[in-house]
Amino acid sequence: MTILGTDNFCQALKRTVEEKLNINSTVCHAKKGSKTQQFVLHGNIVGKVFFDWLYKDATIYLQRKYDKYLEIKSKLPVHYYSCKICGKPNDTHGYCRKHYYEYIGKEKRRQRYLNFKK
Ligand SMILES: [Zn+2]
């Protein structure tokens with residue numbers, strides 16, 4: 001899920017999403033050498049949380065984009081889970097990816113994760 005915009009817009013969006021929704025996002029150049037930035041969310045569930053929030057109080061929106069949102073939404077499970085440790089939304093095991101590795105992951109994977117963190 002990406003949204004194109006100016007650097008200011010993308011950075012503001014990133015901060016807002018982190019503060020309000022506890023969701024991590026990435027801001028990067030849309031194209032090499034381009035001034036246009038893109039705001040990137042990783043994963044469908046995260047996208048759903050974002051759009052639920054975005055459209056919750058919206059009175060003006062692009063119908064085309066809203067239709068796309070409804071289409072994405074209809075394909076997703078109604079419920080998503082919050083990580084038991086940090087509350088980040090995720091779609092599978094009740095832990096975000098980071099905490100899944102840390103607490104439930106197979107020994108090998110956990111070691112790799114812990115080594116990576118150092
Ligand atoms: Zn977590």
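**Exercises: a sheet, a helix and a core**

Three strands form an open sheet in the order E1-E3-E2, with antiparallel pairing. Strands pair if DSSP finds at least two bridges between them; strands (E, at least two residues) and helices (H or I, at least four) are DSSP runs, numbered from the N terminus. This is a predicted model: local features need pLDDT of at least 70, side-chain atom pairs count only at pLDDT 80 or more, and totals for chains, interfaces and linings use all residues. Residues are numbered from 1 along each chain as its sequence is written.

**Exercise 1.** Find the edge strands of the sheet.

*Solution.*
- Look for strands that pair on one side only: these are E1 (2-5) and E2 (25-29).
- Now follow E1 to its partner: E1 and E3 (residues 37-41) pair over four bridges.
- Isoleucine 3 stands opposite phenylalanine 39 in E3.

**Exercise 2.** Check the length of helix H3 (residues 63-75).

*Solution.*
- The expected span is 1.5 Å times one less than the number of residues.
- For the 13 residues of H3, that gives 18 Å.
- The end C-alpha atoms are 19 Å apart, which agrees.

**Exercise 3.** Decide whether tyrosine 69 is buried or exposed.

*Solution.*
- Apply the cut-offs: buried means 20 or more other C-beta atoms (placed from the backbone) within 10 Å of the residue's own, exposed means 12 or fewer, and partly exposed lies in between.
- Tyrosine 69 has 20, so tyrosine 69 is buried.
- Place tyrosine 69: this residue is in helix H3, where the count of buried residues is one.
- Compare distances: tyrosine 69 and phenylalanine 51 are 18 residues apart in sequence, but 7.1 Å apart in space, C-alpha to C-alpha.
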